[in-house]
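Visitor: I have a structure open in front of me and would like to learn how to read its features. Could you walk me through them?

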Amino acid sequence: MKNIVTERLVLRPWEDTDVDFVFDLYSRWVVQRFIGAEPRVMESRSEAVERVARFRAIDHPVHGIWAVTSKADGRPVGTLLLKPIPASGQEPLQPSGDVEIGWHFHPDHWGGGFASEAAAAVLGHAFAGGLDHVVAVTNPANEASQSVCRRIGMKHLGPSKKYYNATCELFVAKNPASLR
Ligand SMILES: CC(C)(COP(=O)(O)OP(=O)(O)OC[C@H]1O[C@@H](n2cnc3c(N)ncnc32)[C@H](O)[C@@H]1OP(=O)(O)O)[C@@H](O)C(=O)NCCC(=O)NCCS
């Protein structure tokens with residue numbers, strides 16, 4: 001997985017030294033409250049160790065789960081995901097064939113445009129890598145995340161039950177190259 005560099009951020013693979021950050025991030029209810037059908041916070045550091053291993057396990061030329069770090073001090077500020085999204089259906093959920101983009105940032109770094117800056121760069125990476133379209137789904141109450149979708153130019157398609165056995169607000173971005 002290659003690093004993605006923006007004006008203020010470096011998106012890089014996760015490292016063992018990021019475990020404490022991952023635990024701090026995902027043990028917070030404000031971060032977890034809109035994630036998944038039944039949100040729960042991370043309860044132990046060992047879960048964070050497993051999460052970092054899962055983040056690293058994606059081995060794909062375009063998909064990835066990046067640690068977003070600040071160029072200013074090199075420290076992690078959040079997570080950016082580009083990965084297959086499961087379709088609604090019987091458990092275990094099967095791939096839908098679509099790819100989703102997602103973002104989880106530490107509250108210390110909300111409100112400065114980091115999420116939108118990182119997400120725009122990953123969307124550009126997705127299209128440069130040849131993906132035809134990318135979707136994003138948010139909890140209907142997650143207005144901050146819906147704002148990120150809009151800021152990076154995604155189109156709001158309204159509520160959908162297509163993915164994750166949940167009703168989500170669905171956003172899509174088409175590859176400009178495939179629109180021509
Ligand atoms: C969703 C989430 C990442 C959004 O974070 P965010 O900080 O609101 O988003 P941004 O980093 O894009 O910041 C946007 C704000 O920064 C401002 N901003 C944008 N660019 C900026 C810049 N270059 N300099 C300074 N400020 C800037 C914007 O005006 C905006 O403020 P506003 O909302 O008051 O208009 C964050 O709420 C989060 O991590 N939530 C928990 C996890 C989650 O729910 N993830 C999504 C699951 S679907």
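Guide: Happily, and let us begin with charge: Lys and Arg count as positive and Asp and Glu as negative, while His and the chain ends are not counted. The place of a charge is taken as NZ of Lys, CZ of Arg, CG of Asp or CD of Glu. Here the protein has 20 positive and 20 negative side chains, with the centres of the two sets 6 Å apart.

Visitor: What kind of model is this, and how are the residues numbered?

Guide: This is a predicted model, in which local features need pLDDT of at least 70, side-chain atom pairs count only at pLDDT 80 or more, and totals for chains, interfaces and linings use all residues. Residues are numbered from 1 along each chain as its sequence is written, and side-chain values use heavy atoms, with hydrogens and water left out.

Visitor: How many helices and strands does the protein have?

Guide: Helices (H or I, at least four residues) and strands (E, at least two) are DSSP runs, numbered from the N terminus. The protein has six helices and eight strands. Along the sequence they follow the pattern β-β-α-α-α-β-β-β-α-β-α-β-β-α.

Visitor: What does the radius of gyration say about the protein?

Guide: The radius is taken over C-alpha atoms, and the globule rule is 2.2 Å times the number of residues to the power 0.38. For 180 residues a compact globule would have a radius of gyration near 16 Å, and the protein agrees, with 16 Å. Its C-alpha atoms fill a box of roughly 40 × 35 × 30 Å along the principal axes.

Visitor: And what about burial, surface and contacts?

Guide: Buried means under 20% relative accessible area, exposed over 50%, and partly exposed in between (1.4 Å probe, protein chains only). Buried residues make up 45% of the 180 residues in the protein. For surface, areas come from the Shrake-Rupley method with a 1.4 Å probe; the protein exposes about 9500 Å², and carbon and sulfur atoms supply 52% of it. Contact means heavy atoms within 4.5 Å. Among contacts with a separation of 6 or more, residues 24 or more positions apart account for 60%.

Visitor: How many aromatic pairs are there?

Guide: Rings of Phe, Tyr and Trp (its six-membered ring) pair if their centres lie within 6.5 Å; planes under 30 degrees apart count as stacked, over 60 as edge-to-face and the rest as tilted. By this rule the count comes to three aromatic pairs. The rings of Trp14 and Phe21 have centres 6.5 Å apart and planes at 20 degrees, so this pair is stacked. Trp14 also pairs with Phe55 in a tilted arrangement, 5.2 Å centre to centre with 35 degrees between the planes. Trp14 lies in the loop between strand S2 (9–12) and helix H1 (19–26) and Phe55 in helix H3 (residues 45–57), so the pair ties together parts that are 41 residues apart in sequence. Trp14 and Phe21 are buried, and Phe55 is buried too. Trp14, Phe21, Tyr26 and Phe55 form one aromatic cluster.

Visitor: Is Phe105 buried or exposed, and which residues is Phe105 in contact with?

Guide: Phe105 lies in strand S5 (residues 95–105) and counts as buried, at 7% relative accessibility. Leaving aside neighbours within four places in sequence, its contacts include Leu25, Val31, Val68, Trp110 and Phe114.

Visitor: Which backbone features should I look for?

Guide: Most residues other than glycine have a negative phi, and most peptide bonds are trans. Here a cis peptide bond joins Glu91 and Pro92, with omega about -5 degrees. Pro92 is in the loop between strand S4 (76–86) and S5. Tyr164 is not a glycine, yet has a positive phi of about 60 degrees. Asn165, also not a glycine, has a positive phi of about 50 degrees. Tyr164 lies in the loop between strand S7 (155–160) and strand S8 (168–174), and Asn165 is found in the loop between S7 and S8. Tyr164 is partly exposed at 29% relative accessibility, and Asn165 is partly exposed at 41%.

Visitor: Where is Met1 found, and which residues does Met1 touch?

Guide: Met1 is in the segment before strand S1 (4–5) and is partly exposed, with a relative accessible area of 44%. Not counting residues up to four places away in sequence, Met1 touches Arg12, Pro13, Gly64, Ile65 and Trp66. The C-alpha atoms of Met1 and Arg12 are separated by 7.8 Å.
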